[in-house]
Amino acid sequence: MEIVYALAIGIVAGAGVWLLLRPRTFQVIIGLSLLSYATNLFIFGMGRITLHRPPIIGDEGVTDPALYADPVPQALVLTAIVIGFATTALFLVVLIALRGLAGTDHVDGREPDS
Amino acid sequence: MLITHLPVLPIVVPLVAGAVLVLLPDEHRVLRLMIAFSSLGAQVAAAAVLLYLSTDAVPDIWSEGVGVYAIGGWPPPFGILLVVDRLSALMLLLTAIVALAALVYSMAGWERPPQPFHSLYQFLMVGLNGAFLTGDLFNLFVFFEVLLAASYGLLLRGVGVRRVRNALHYIAVNLAASLLFLIGVALIYGTIGTLNMADLLGKVALLAPPERALFDVGAAILGIAFLVKAGSWPLNFWLPGSYSAAIAPVAAAFAMLTKVGVYAVLRIGTLLGEDDAAAAILGPILFYLGFATLLAGTIGMLAAQQLRRLVSYSVIASSGLLLATLGIGNEALTPPALFYFATSVLTTCAFFLLTGMTDRTRVAADAAASVPNLTAIELPTPTYLAFGVREPQPYDTSEEVGTAIPAAMAFLGLMFVCCVLLVAGLPPLPSFVAKFALLSAALNSAPGGQLPHQTWLLVGGILGTGLAQLIALTRIGIRLFWGGGVRRTPRLRVLEAAPVAVVVLLCLALSAMSGSAMRFFEAAARSLHAPEVYTRIVLSKPGADQPSGGHER
């Protein structure tokens, strides 16, 4: 399962980097989104991939820490998702403003040959 | 009782003030200004008291210059910690001073609605103060994001196609850097199981070799993210464009932004790289990157045609000097580097504030070039309505705000000369003292022995770039004040002139008191290079008797 997970992160991140380097603002924002998905998956993976283990210790008390999933990466991912969502929304606003002001969707605000 | 809660004030006060300012309608201008100023005043006071406490003046409260505040009362390796030591207290004070100067300046019409200014400004302070105070890596990320989000909004102030385009680049670069930051944090957590900075130190040594390699990769990725923020050479092409596109008070407040990156490098670097084999590899990399940054910044200064771009490049050059000095990894160089750090922050602030006034010496025909949205406004795009872009040209000088000062050109010239001396490092201003101390510490670092070639490179770099910067600044000064073409004397308001003058005077005071300042920086450097003390104090903080409300049920 780890290899599939790692490959998935790699493919998404690769696609994100490629799009990030493209000249159109829409491609850049999709690239950044893909990169942030890949990063979030990566953080989650760093908490070790486990199945059927709760991250929260219930009333029964602690028996063996190995029976539980690590909750910290999950909390980190949650924070990272919220922050990434907000900044992407802001980027979208700037993108539309640039489109309106410059009349083009090139990241430099003008076509390279004009 | 208040004194135990003091470390959290620089975060809570601007957070509350910013939230109130979001909700308060624009009509209450006086009330808004009062809130903004009292918040910043409180931050200056809190930072000053923290600085005083961190010098061990009151050993009953903090011992050995380190104060720990556990939010929620959880015992240290687990909870969220704020840690104040000399370095972070110094950063807090610098931030508050720079921000206060820029806020006073902005009252001369730069902060007018409808675009939000004051709330974003307060949130910028939350991010900056938090980044300096936090004791764990993930909260460092969170506060970086807070300050970046606020800086995106502030950078866009005034809109115009040039600003929006540069803001787009700035946001894209910083978002990518934030993702690198997250990857680094995740790798560190995945290998070592903690994000608490103090806890890292003890656990790094326990890692098995394969895990250690992964940890090093994580730390290196984290370092790349910091270097992007610090404006290190191959990662800094976004910086001149976005800083020179921002309005003057915002650019001045941004003086602290690149320095956050340098601070993070300094903090994490000294924490992890003490007696380490990794330091032997990373030190030279940091040195050469910093050296390249110093050269790139200076070349940019020589090439710049506009004063604002030139100042932006000088930010890069000062970052480069700091990074190169830290890369040498010699303890004796840290105190002068900190001195230079403090001066360069004040310098950048004063110089950016000054550019807002010198821009107005150009006559209107020329000024159209600096106001790109004049033509763009005619486009009937819904964007304008949606973002309130149709505000009148907000920074025209015809509007009278506040009292004007006499002898405007003489004042501008004098301040310009002071800033030139500050950037180039000439006496009697403190950057001369800082650079001199740096050179002397570098040359004395191996008494009788052979100096490493890096030290010679650094010495040559400091002297050579100082001369080149002086040439660049003199040239642009001649063009600005004596050159041909039509010039007009701008009407300078006290509100704009006073902050610049006060910051320059502060620099003068710093150079007059450089002896005691240097002693403080030496103590700060000592505690930086003895991270065991930091670790011991942070980790020995018990959770039970926390001064927080979380435990008082």
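## Chat on a two-chain model

Me: Starting with Leu510(B): which residues is it in contact with, leaving aside neighbours within four places in sequence?
Reply: In this predicted model, Leu510(B) is in contact with Ala342(B), Thr343(B), Pro430(B) and Ala517(B), once neighbours within four places in sequence are left aside.

Me: Where is the place of Leu510(B)?
Reply: Leu510(B) is in helix 21 of chain B, residues 494–512.

Me: How does Leu510(B) count for exposure?
Reply: Leu510(B) counts as partly exposed, because it has 19 C-beta neighbours inside 10 Å, and the cut-off for buried is 20 or more.

Me: And what separates the C-alpha atoms of Leu510(B) and Phe520(B)?
Reply: They are separated by 12 Å, with the two residues 10 apart along the chain.

Me: Ala342(B) was in that list. Which helix of chain B does Ala342(B) meet from helix 14?
Reply: Helix 3 of chain B. From helix 14 of chain B, Ala342(B), Val345(B), Cys349(B) and Leu353(B) take part. Helix 3 of chain B brings Leu90(B), Leu94(B), Val98(B), Ala101(B), Ala102(B) and Tyr105(B).

Me: What classes do the residues of that contact divide into?
Reply: The contact of helix 3 with helix 14 of chain B has 10 nonpolar residues, no polar and no charged.

Me: At what angle do the axes of helix 3 and helix 14 of chain B cross?
Reply: The axes cross at roughly 10 degrees and come within 11 Å. The stretches are residues 86–106 for helix 3 of chain B and residues 334–358 for helix 14 of chain B. That makes helix 3 of chain B roughly parallel to helix 14 of chain B, because angles under 35 degrees count as roughly parallel.

Me: Changing topic. How many helices and strands has chain B?
Reply: Chain B has 23 helices and 2 strands.

Me: How do strand 1 and strand 2 of chain B run, parallel or antiparallel?
Reply: Strand 1 (residues 67–71) and strand 2 of chain B run antiparallel and are joined by 5 bridges. Val68(B) stands opposite Val83(B) in strand 2 of chain B, and Gly67(B) has Val84(B) of strand 2 as its bridge partner.

Me: How many residues of strand 2 of chain B are buried?
Reply: In strand 2 of chain B, residues 80–84, 4 of the 5 residues are buried, so the strand is largely enclosed by the rest of the structure. Strand 1 of chain B is mostly covered, with 4 of its 5 residues buried.

Me: What about burial over chain B as a whole?
Reply: Of the 553 residues in chain B, 56% are buried. Taking contacts in chain B between residues at least 6 apart in sequence, 81% join residues at least 24 apart.

Me: On to the interface. How many residues does each chain give to the contact?
Reply: Chain A gives 31 residues and chain B gives 27 residues.

Me: Which elements of chain A give two or more residues to that side?
Reply: Helix 2 (25–46) and helix 3 (71–102) of chain A. The largest share, 18 residues, comes from helix 3 of chain A. By class, the side of chain A that touches chain B has 23 nonpolar, 7 polar and 1 charged residues.

Me: What is the phi of Arg48(A)?
Reply: Arg48(A) has a positive phi of about 70 degrees, although it is not a glycine. Most residues other than glycine have a negative phi. Arg48(A) sits in the loop between helix 2 and helix 3 of chain A. Arg48(A) is exposed, with 12 other C-beta atoms within 10 Å.

Me: Last topic, confidence. What ipTM does the predictor give the complex?
Reply: The ipTM is 0.91 and the pTM is 0.86.

Me: And the mean pLDDT of chain A?
Reply: Chain A averages 85, with 98% of the residues scoring at least 70. Among the elements of chain A, helix 3 has the lowest mean pLDDT (87) and helix 1 (residues 2–20) the highest (92).

Me: What is the mean pLDDT of chain B?
Reply: The mean for chain B is 80, and 85% of its residues reach 70 or more. Among the elements of chain B, helix 16 (residues 373–376) has the lowest mean, 39, and helix 4 (residues 118–133) the highest, 90.

Me: Where in chain B does pLDDT stay under 50?
Reply: One of the stretches is residues 364–399 of chain B, for which the model has 38 contacts beyond four places in sequence. Over residues 544–553 of chain B the pLDDT is also below 50, and this stretch has 12 contacts in the model beyond near neighbours in sequence.

Conventions. Residues numbered from 1 in each chain as written. Chains lettered and ligands numbered in written order. Predicted model: local features only at pLDDT ≥ 70, side-chain atom pairs only at ≥ 80, totals over all residues. Contact = placed C-beta atoms within 7 Å. Nonpolar A, V, L, I, M, F, W, Y, C, P; charged D, E, K, R; others polar. Axes fitted to C-alpha atoms, helices over the stretch in contact; angles between N-to-C directions. Parallel < 35°, antiparallel > 145°, perpendicular 65-115°, else oblique. Pairing = 2+ DSSP bridges. pLDDT = per-residue confidence, 0-100.
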